[in-house]
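Work through the exercises below with the sequence and the 3D view at hand. Try each task before reading its solution.

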Amino acid sequence: MSQIKKIHPGEYRPIADLITYSPMPTRQLQQIDPFIFLNHHGFQTYPAPNNGLPFGPHPHRGMETVTFILEGDIMHLDSSGHESVIGPGGVQYMTAGRGLIHSEVSSSQFKKNGGDLEILQLWLNLPAKLKMTDPLYVGLQKRISQALRWTKGK
């Protein structure tokens, strides 16, 4: 049986009014390829009204993101034409490949009404042979994520 050798605490790195802890990389733990970084946003409760998530349009290239929405929502829009709002229990996968511009913000409903927010996001470095692949986006709501888990388990 493996044993835990060391616990590396996340560093507090707020982004605008978003509570964010980054377990990797930190001053104590650098990148471990293929993992670029891991962020834990929240847990926090946003008031009504609020500004929501602060991730307006920005570029990505040569990497992939996996985002778990534990509470709240994420509205995704990218330059390849993908658009979705993923709610609690959902997950989104984005392969940037040769590059795209995307934003991850809160839905207008969340900004209007507020609510709980908690998100985990992992960035992965793509292998050299896949860095110029076409961008791809998949957004799965909770009920779809559960259905896939049941299907694969049988």
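A residue is called buried under 20% relative accessible area, exposed over 50%, and partly exposed in between. The model used here is predicted.

**Exercise 1.** Classify Val138 as buried, partly exposed or exposed, and place Val138 in its strand and surface patch.

*Solution.*
Step 1. The relative accessibility of Val138 is 31%, so Val138 counts as partly exposed.
Step 2. Val138 belongs to strand S11, which covers residues 136-140.
Step 3. On the surface, Val138 joins Tyr93 and Leu136 in a nonpolar patch, and together the three have about 240 Å² of accessible area.

**Exercise 2.** Find the strands that stand at the edges of the open sheet.

*Solution.*
Step 1. Write down the order of the 7 strands: S1-S2-S3-S10-S5-S8-S11, with antiparallel pairing.
Step 2. Strands S1 (11-12) and S11 each have a single partner strand, so they stand at the edges, and one side of each has no neighbour in the sheet.
Step 3. Look at the S1 edge: S1 pairs with S2 (residues 20-24) in the antiparallel sense over 2 bridges. Here Glu11 is opposite Ser22 in S2.

**Exercise 3.** Identify the salt bridges in the whole structure and say which residues share a network.

*Solution.*
Step 1. Recall that side chains of opposite charge can pair when their charged atoms come close. The search finds 3 salt bridges.
Step 2. Glu11 pairs with Arg13, with the closest N and O atoms 2.6 Å apart. Glu11 is buried at 12% relative accessible area, whereas Arg13 is partly exposed at 31%.
Step 3. Glu11 also forms a salt bridge with Arg27, at 3.7 Å between the closest N and O atoms. Glu11 is in strand S1 and Arg27 in the loop between S2 and strand S3 (35-46), so this pair ties together parts 16 residues apart in sequence. Arg27 is exposed, at 69%.
Step 4. Arg98 and Asp134 form a salt bridge with an N to O distance of 2.2 Å. This pair links distant parts of the chain, 36 residues apart: Arg98 is in the loop between S8 and S9, and Asp134 in the loop between S10 and S11.
Step 5. Through shared partners, Glu11, Arg13 and Arg27 are joined into one network.

**Exercise 4.** Compare the radius of gyration of the protein with that of a compact globule.

*Solution.*
Step 1. For 154 residues, a compact globule would have a radius near 15 Å.
Step 2. The protein has 16 Å, which agrees.

Note on methods. Residues numbered from 1 in each chain as written. Predicted model: local features only at pLDDT ≥ 70, side-chain atom pairs only at ≥ 80, totals over all residues. Heavy atoms only, no water. Patch = residues over 30% accessible without salt bridge, like charges linked within 9 Å, V, L, I, M, F, W, Y side chains within 5 Å. Areas by Shrake-Rupley, 256 points an atom, 1.4 Å probe, with all protein chains shown as cover. Salt bridge = Lys/Arg side-chain N within 4 Å of Asp/Glu carboxyl O. Helix = DSSP H or I, 4+ residues; strand = E, 2+ residues; numbered from the N terminus. Buried < 20%, exposed > 50% of the residue type's maximum accessible area, 1.4 Å probe, protein only. Pairing = 2+ DSSP bridges. Rg over C-alpha atoms; globule rule 2.2 N^0.38 Å.
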